2 protein chains.
Amino acid sequence: MVAATRDGTVGKALSVLDQVAAFGRPVRFTELLAQSPFPKPTLYRFVQTLTNQQMLSYDPDRQTYAPGIRLVRLAHAAWEQSTLAPVARPHIDALSKAVGETVHLAQLDHAQVLYVDKRNAGKPVQMYSQAGKVGPAYCTGVGKVMLAFSDPAIVDLVIEQQSFHAFTPHTLTSAAALREELADIRAQGYGFDREEHEPGIICVAMPILSEAGRVLGALSVTSTTGRTNLAGLEAYVPILQDTARNIAIDAQNWSFPDHDTKETTGI
Amino acid sequence: MVAATRDGTVGKALSVLDQVAAFGRPVRFTELLAQSPFPKPTLYRFVQTLTNQQMLSYDPDRQTYAPGIRLVRLAHAAWEQSTLAPVARPHIDALSKAVGETVHLAQLDHAQVLYVDKRNAGKPVQMYSQAGKVGPAYCTGVGKVMLAFSDPAIVDLVIEQQSFHAFTPHTLTSAAALREELADIRAQGYGFDREEHEPGIICVAMPILSEAGRVLGALSVTSTTGRTNLAGLEAYVPILQDTARNIAIDAQNWSFPDHDTKETTGI
DNA sequence: AAACCAAGTTTCATATAATGAGACGCGGTT
DNA sequence: AACCGCGTCTCATTATATGAAACTTGGTTT
């Protein structure tokens, strides 16, 4: 996660937030305490404060804490302002329609892949339950592609703090294998997920690069070995390239033109 | 917002987060300073800390701050654990299919309505851009319905800190009018939005109440005056009632049964 | 070029708030 | 009745946050 100390009280309190979120379920005070670096009263006060602040929610019946509702509000703003999603939206819609497969838009967040948007092939999907999800960088198409074009220093850092887990027989499980793969990706400009994260799931991924060559994010088209193969996915490379370039251009020119998108949702 | 002081340094820092989010666009340091209660160096350090912590993101080119990507990660956890959305999902899907109109699921967050999930009538929709959105409580169907069944003390508080704005000619613009409406809703068990927030937009809303009578959230079916009228919407009351009751029951029994929902997304 | 200005950054003595060992209250066992 | 685990509170100590003022930087005006 983020550097816990160094950022004083605020940093410590936020680390508690992460801790609660990491549980993935409502959690009791004692459970937190057991794996907390903070002494009991300190942790207690953090939890109190965060609950006051609606960053945590408290269930009095079960005596449990969970990430709070204020985060949902804040994340809405974050998603609209700090991710590629709003600019990329029309392009992803078009791409999804064109290829008829699941499309992902991801960004790099520390050593992890953060999925910021998604279009499902057939039916509408509850996006929010997907966006915000994180995954490992070393065994996903989007992750590898983003790393391949990242600053070497960042790659070193990611590899260093990465514990390679073999999700499938195809997962790359060593720093050396990964570095080799990254070189290949850099050479050819795009990458694949060859059932490295889940059996039967393959994808082709394309980086979204700024004019200056900085990694903004990545796109991928996902399918299953039942429906197609890598050669089949490779056919999508041109349209992925176009889409990625267009997103990059729009991102460059994007300057939040004063809310000209008037709401008409009828909420 | 939340009580800024009282929660020490952490509370103050979080208030800065809110402030940034409220801008709705990337914002410069000076802009923040102009409307901040904190002196320059204090605000500066908060912004620094929050940026370090990825709660804010900084654009060095434009020298602007925006809500950070860490919020998206955290919100994912919050949405899954602290909202009705995961339990309600199947019920809302069914409801949406049955009525063929836009369906909203909302919860009360302070004095505001927080939309936690949504199904669009015809075409798939980018949910995330809607969930997390907040609206006023006094002039939306879901807001009034939730207030109507809330603790009187809460209602007083909400009304007190509410500045009534007339969005349309039909908006209730006085505490008295609102209280009267709330009494009616309580008597009849559900409520309407009679073009009170946006012209042409109407909805019927139903509270989701726990066995003990506590307000868990609210559902609504939204339409336009072009397609139907209040009497037409009233026909949905029985199915809304059923759906709300079923959601309440599921929410009661919901106890996070240890990740039996294995992922098969193929990300 | 020199003077100016505004936005951003750093310093440092002071005030304030965070800290955590310990103690307390309380419901549920044994 | 004694015990125990869990959550809560107290308070002297210490560390941290604070903010007036000074400094830097990059751009604009005279």
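A polar contact is taken here as a pair of N or O atoms within 3.5 Å. In the predicted model, a contact that meets this cut-off joins the side chain of A:Lys40 to DNA strand D, where an N or O atom of A:Lys40 is 3.3 Å from a base nitrogen. A base nitrogen of DNA strand D is also approached by B:Arg45, a polar side-chain atom of which lies at 3.2 Å. The backbone of DNA strand D is contacted through A:Arg28, whose side chain places an N or O atom 3.2 Å from a phosphate oxygen.

The protein surface near DNA strand D draws on both chains. Among the 16 residues around this strand, those that come nearest are A:Thr9, A:Thr30 and A:Tyr44 from chain A, together with B:Pro41 and B:Arg45 from chain B. At least two residues each are supplied by helix 1 (8–23), helix 2 (29–34) and helix 3 (40–52) of chain A, and likewise by helix 1 (8–23) and helix 3 (40–52) of chain B; helix 3 of chain B gives the most, with 4 residues. By residue class, the surface near DNA strand D consists of 6 nonpolar, 6 polar and 4 charged residues. Of the atoms of DNA strand D that lie within 4 Å of the protein, 68% are sugar or phosphate atoms, the rest belonging to bases.

For DNA strand C, the residues that come nearest, out of 16 around the strand, are A:Lys12, A:Arg45, B:Thr9, B:Thr30 and B:Tyr44. Two polar contacts from chain A are directed to phosphate oxygens of DNA strand C: a polar side-chain atom of A:Lys12 lies 3.0 Å from one such oxygen, and an N or O atom in the side chain of A:Thr42 is 3.2 Å from a phosphate oxygen. From chain B, the side chain of B:Tyr44 brings an N or O atom to 2.8 Å from a sugar or linking oxygen of DNA strand C.

Helix 1 and helix 3 of chain A, along with helix 1, helix 2 (29–34) and helix 3 of chain B, each provide at least two residues of the surface near DNA strand C, and the largest share, 4 residues, comes from helix 3 of chain A. This surface is made up of 6 nonpolar, 6 polar and 4 charged residues. Sugar or phosphate accounts for 65% of the atoms of DNA strand C within 4 Å of the protein, with bases contributing the rest.

How values were computed. Residues numbered from 1 in each chain as written. Chains lettered and ligands numbered in written order. Predicted model: local features only at pLDDT ≥ 70, side-chain atom pairs only at ≥ 80, totals over all residues. Heavy atoms only, no water. Near = heavy atom within 4 Å. Polar contact = N/O pair within 3.5 Å; in protein donor to acceptor, adjacent residues only side chain to side chain. Nonpolar A, V, L, I, M, F, W, Y, C, P; charged D, E, K, R; others polar.
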